[in-house]
Amino acid sequence: MIKDLTWNYPHIAETDEGKKQIKKADSFCEEYKKFLDRSKTERECVNTAEIMLVNAGYEPFDPAKKYKAGDKVYEVNRGKSILATTWGSADLTEGVRINGAHIDSPRLDLKPNPVVEHGELAQFKTHYYGGIRKYQWVTVPLAMHGTVIRKDGTAATISLGEEEDDPVFYISDLLPHLSQTQNERKLSEGIKGEELNIIIGSLPFDIAGLKGADAKEAKEIKSRIKLNALKLINEKYDITERDFARAEIEFVPAYKAKDIGFDRSLIGAYGHDDRVCAFPALMAELATKKPYYTTVTVLTDKEEIGSYGNTGLNSCYVHDYIAFLAQNKSVDEKTVFANSCCLSADVNSAYDPTFPDVFEEQNSSWLNHGVVLTKYTGARGKSGASDASAEYMAKVIDIMDRAKVFWQIGELGKVDIGGGGTIAHYVAEMNIDVVDLGVPVLAMHSPFEVVSKLDVYNTYLAFKAFYE
Ligand code: MN
Ligand code: MN
């Protein structure tokens with residue numbers, strides 16, 4: 001057949017098989033949106049995932065216990081990453097099947113001494129986390145999430161700005177009437193890092209009712225608006241200014257995930273990258289009952305800053321977890337690693353018709369064309385890439401074709417325009433076959449990213465097929 005000599009990846013909804021998926025994709029994504037709304041930080045993702053795993057009968061992994069095929073275990077790493085396993089029927093020396101996604105997203109962290117008063121406004125100074133376009137983060141409602149460890153060792157868990165009657169927080173920008181000078185800046189400097197200051201209050205501490213030592217102390221403090229904010233923070237969380245040194249506080253967009261378009265085919269939300277892969281990975285793990293290969297589902301932290309730190313993939317925690325699995329079955333761990341394979345589940349950029357100049361159409365990933373295989377990432381001459389072998393590509397494609405998954409293959413953008421990386425090369429370092437596979441995202445790393453429901457659903461189908 002002449003037509004079989006050529007190939008284009010179809011729009012899913014233009015195929016008979018794909019039309020049948022629309023309803024299933026809708027209901028899968030209702031659950032995904034709920035997951036997003038209650039999981040805006042890596043810690044919250046771990047909490048939500050742990051609850052889902054425990055409800056499904058997973059038990060904390062105990063190296064001393066003996067496991068049989070079908071048993072389900074999990075392990076939390078320092079509250080910020082989580083691993084889950086369903087034991088397979090095959091001998092562990094045949095390798096494990098790993099699916100790894102990251103659950104940290106670009107955001108604004110607080111500086112260690114964050115509270116300031118400037119021009120009669122109390123503000124938090126921030127230090128951005130991950131690759132953001134700073135101008136996108138001003139004049140949007142922000143919510144405060146995080147953990148503070150008090151002096152007595154107890155933890156204050158913060159989530160403020162998400163409920164209907166919660167206050168939100170805000171970074172201002174200039175009005176057009178006075179932005180003539182700012183308009184001359186390059187876009188990358190339109191808003192500078194030191195301008196990402198979050199407004200937290202504007203009323204002064206009222207000293208009128210104070211008596212004795214309290215009245216004397218209060219009078220000596222000049223920044224009364226800052227003082228008032230600290231008083232309110234203290235009342236709510238029982239912490240003081242000094243306690244910010246023992247804190248991890250993240251500001252994220254305060255809005256919920258929403259359907260986009262008259263046809264409701266797309267989802268707009270904060271943090272699709274990479275919870276849009278983490279949620280399908282977790283759902284595929286939960287759906288896998290009697291796998292041949294033992295599964296290892298990894299929801300990891302720190303990818304957005306290069307995977308550095310002991311909760312990221314550039315630490316040995318995943319390696320050691322798999323080594324413990326090998327030890328549990330009294331088999332050689334090196335053989336387990338050598339025979340294992342992994343999907344590095346991360347997003348790719350979706351083709352954006354508004355900015356065609358940065359994309360090479362034939363090698364872009366397209367919304368509604370399915371889960372995207374990214375053979376290699378990196379920049380320019382594949383610098384820093386883990387380039388999957390033809391043999392491993394064939395294996396993954398075969399798994400997806402057999403399961404009738406809609407998939408496509410693409411690159412980030414034009415070769416000399418930019419680049420990026422994922423956790424793939426850290427997995428490759430363990431002598432494991434790995435390739436990137438995930439959802440195409442429009443406006444990646446913005447405060448409101450966009451994905452297609454059909455792509456999310458097919459990503460779930462791909463991960464499930466990989467485990468089964
Ligand atoms: Mn990512
Ligand atoms: Mn990213």
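**Close-up views of a two-domain predicted model**

**View 1. Where the two domains meet.** In this predicted model, 17 residues of domain 1 touch 15 residues of domain 2, contact meaning heavy atoms within 4.5 Å. Domain 1 covers 3-105 + 270-467 and domain 2 covers 107-253; such bounds come from an automatic or database domain assignment. Their C-alpha centres lie 35 Å apart. The size of an interface is often given as the accessible area lost when the parts come together. Here domain 1 and domain 2 bury about 1,400 Å² between them, with 47% of it on carbon and sulfur atoms (buried area is the accessible area, with a 1.4 Å probe, that two parts lose on being put together, summed over both).

**View 2. Charges and polar pairs between the domains.** Take a look at lysine 80 and glutamate 248, whose side chains form a salt bridge at 2.8 Å, N to O. The count between domain 1 and domain 2 is 4 salt bridges (a side-chain nitrogen of Lys or Arg within 4 Å of a carboxyl oxygen of Asp or Glu). On the side of domain 1 that touches domain 2, there are 3 nonpolar, 4 polar and 10 charged residues. In this grouping, Ala, Val, Leu, Ile, Met, Phe, Trp, Tyr, Cys and Pro count as nonpolar, Asp, Glu, Lys and Arg as charged, and the others, Gly among them, as polar.

**View 3. An open sheet and its edges.** The sheet has 9 strands in the order E1-E2-E3-E13-E4-E14-E20-E16-E18, with mixed pairing. Strands here are DSSP runs (E, at least two residues), as helices are (H or I, at least four), numbered from the N terminus; two strands pair if DSSP finds at least two bridges between them. Strand E1 (59-60) and strand E18 (407-409) stand at the edges with a single partner strand each, so one side of each has no neighbour in the sheet. E1 runs parallel to strand E2 (residues 72-77), joined by 2 bridges, and glutamate 59 sits opposite valine 73 in E2.

**View 4. Two backbone spots worth a pause.** Most residues other than glycine have a negative phi, and most peptide bonds are trans. The peptide bond from aspartate 273 to aspartate 274 is cis, with omega near 15°, and aspartate 274 belongs to helix H6 (residues 272-287). Serine 330 has a positive phi, near 55°, and lies in the loop between helix H7 (317-328) and helix H8 (333-338).

**Notes.** Residues are numbered from 1 along each chain as its sequence is written, while chains are lettered from A and ligands numbered from 1 in the order in which they are written. Local features need pLDDT of at least 70, side-chain atom pairs count only at pLDDT 80 or more, and totals for chains, interfaces and linings use all residues, while side-chain values use heavy atoms, leaving out hydrogens and water.
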